[in-house]
Amino acid sequence: SVPAGGPRAAGNWGSPAGIVFSSPQGLSRVASEGGTASVFAALLPDEAGMLSPRVLPDGRQALVAIRAKGATKSDDPSQVAIVTTSGEHRVLVDQGGTPALVRTETRGNSPEFLVFARGGRLWAARLDVAGRALIGSPQAVVDNVEMRANGDGAQYAVSENGTLAYLEASQTQLVWVDRNGAFTPISPALRRFAMPRVSPDG
């Protein structure tokens with residue numbers, strides 16, 4: 001069995017690291033066959049949590065979205081970073097979430113790219129994994145992807161060779177519904193509304 005993680009825990013099954021998942025300590029890991037969890041990467045004093053881990057091929061590093069201590073809202077900005085089992089935390093992007101690693105084949109080379117989510121878009125930038133740094137500036141590659149405002153929880157999956165699947169962001173309209181089931185728009189605006197509430201005076 002796999003131990004429980006922290007709030008909104010997420011995990012990644014990456015050989016040879018086993019299963020790496022969000023936990024109150026930062027990132028924890030457990031062997032693929034189960035057992036006792038151990039710390040993969042610990043939070044620093046100014047960090048509140050690590051989300052959406054993606055283990056890198058060497059099994060000693062992971063891409064994560066890091067929440068700063070003091071962030072109080074679910075859409076407060078996160079930083080995309082590489083964390084290592086030796087304790088290094090290298091920030092790659094100041095605002096973004098849900099990172100992934102993509103490899104492509106180009107004339108015998110295998111360049112690697114960081115993909116991350118921000119502002120309803122997916123972004124990509126060449127990544128020097130060994131140097132833990134971006135090469136060039138991130139470029140937007142896909143618009144209108146379902147995610148939280150800070151890029152956390154982006155609804156996409158990408159294979160290591162670059163095949164992408166994603167859920168388009170949905171827009172809704174606020175309406176009144178009478179007892180006969182007839183709809184009357186409150187506003188013509190289309191937005192990403194969620195959990196509307198009616199005031200006491202109606």
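User: Why is Trp176 called partly exposed?

Analyst: The model is predicted, with local features requiring pLDDT of at least 70 and side-chain atom pairs pLDDT 80 or more, while totals for chains, interfaces and linings use all residues. Residues are numbered from 1 along each chain as its sequence is written, and side-chain values use heavy atoms, without hydrogens and water. Buried means under 20% relative accessible area, exposed over 50%, and partly exposed in between (1.4 Å probe, protein chains only). Trp176 has 44% relative accessibility, so Trp176 counts as partly exposed. Trp176 is found in strand β15 (residues 175-177); a strand is a DSSP run of E with at least two residues, numbered from the N terminus.

User: What makes Trp176, Ile186 and Val198 a nonpolar patch?

Analyst: Patch residues have over 30% relative accessible area and no salt bridge (a side-chain nitrogen of Lys or Arg within 4 Å of a carboxyl oxygen of Asp or Glu). Nonpolar side chains, a class that includes Trp, Ile and Val, are joined within 5 Å. Trp176, Ile186 and Val198 form such a patch on the surface, and together they have about 320 Å² of accessible area, a value of the Shrake-Rupley method with a 1.4 Å probe.

User: Why is Gln171 called exposed?

Analyst: The relative accessible area of Gln171 is 53%, so Gln171 is exposed. Gln171 is found in the loop between β14 (164-166) and β15. Its C-alpha atom is separated by 9.4 Å from that of Ala189, 18 residues apart along the chain.

User: Why is strand β7 described as largely enclosed?

Analyst: Strand β7 covers residues 78-84, and 6 of its 7 residues are buried, so the rest of the structure largely encloses this strand.

User: How do you know that β7 pairs with β6 and with β8?

Analyst: Two strands pair if DSSP finds at least two bridges between them. Strand β6 (residues 61-68) is joined to β7 by 7 bridges, and the two run antiparallel. Strand β8 (residues 89-93) is joined to β7 by 4 bridges, again antiparallel. Ile66 stands opposite Gln79 in β7, and Ile82 has Arg90 in β8 as its bridge partner. β7 and β8 form a hairpin with 4 residues between them, and Gly87 in the turn has a positive phi of about 105 degrees.

User: How do you know that His89 is buried, and what does His89 contact?

Analyst: His89 is placed in strand β8. With a relative accessible area of 18%, His89 is buried. A polar contact is a pair of N or O atoms within 3.5 Å; within protein, one must be able to donate a hydrogen and the other to accept it, and residues adjacent in sequence count only if both atoms are side-chain atoms. The side chains of His89 and Glu47 are joined by a polar contact of 3.0 Å, and a polar atom of the His89 side chain lies 3.2 Å from the backbone oxygen of Ala42. Not counting residues up to four places away in sequence, His89 touches several residues (contact means heavy atoms within 4.5 Å), among them Leu43, Leu44, Met50 and Val83.

User: What makes the phi of Ser52 and that of Thr98 noteworthy?

Analyst: Most residues other than glycine have a negative phi. Ser52 is not a glycine, but has a positive phi of about 55 degrees. Thr98, also not a glycine, has a positive phi of about 50 degrees. Ser52 is found in strand β5 (residues 47-55) and is buried at 12% relative accessibility. Thr98 lies in strand β9 (residues 97-103) and is buried at 7%.

Notes
Patches are made of residues with over 30% relative accessible area and no salt bridge: like charges are joined within 9 Å, nonpolar side chains (Val, Leu, Ile, Met, Phe, Trp, Tyr) within 5 Å.
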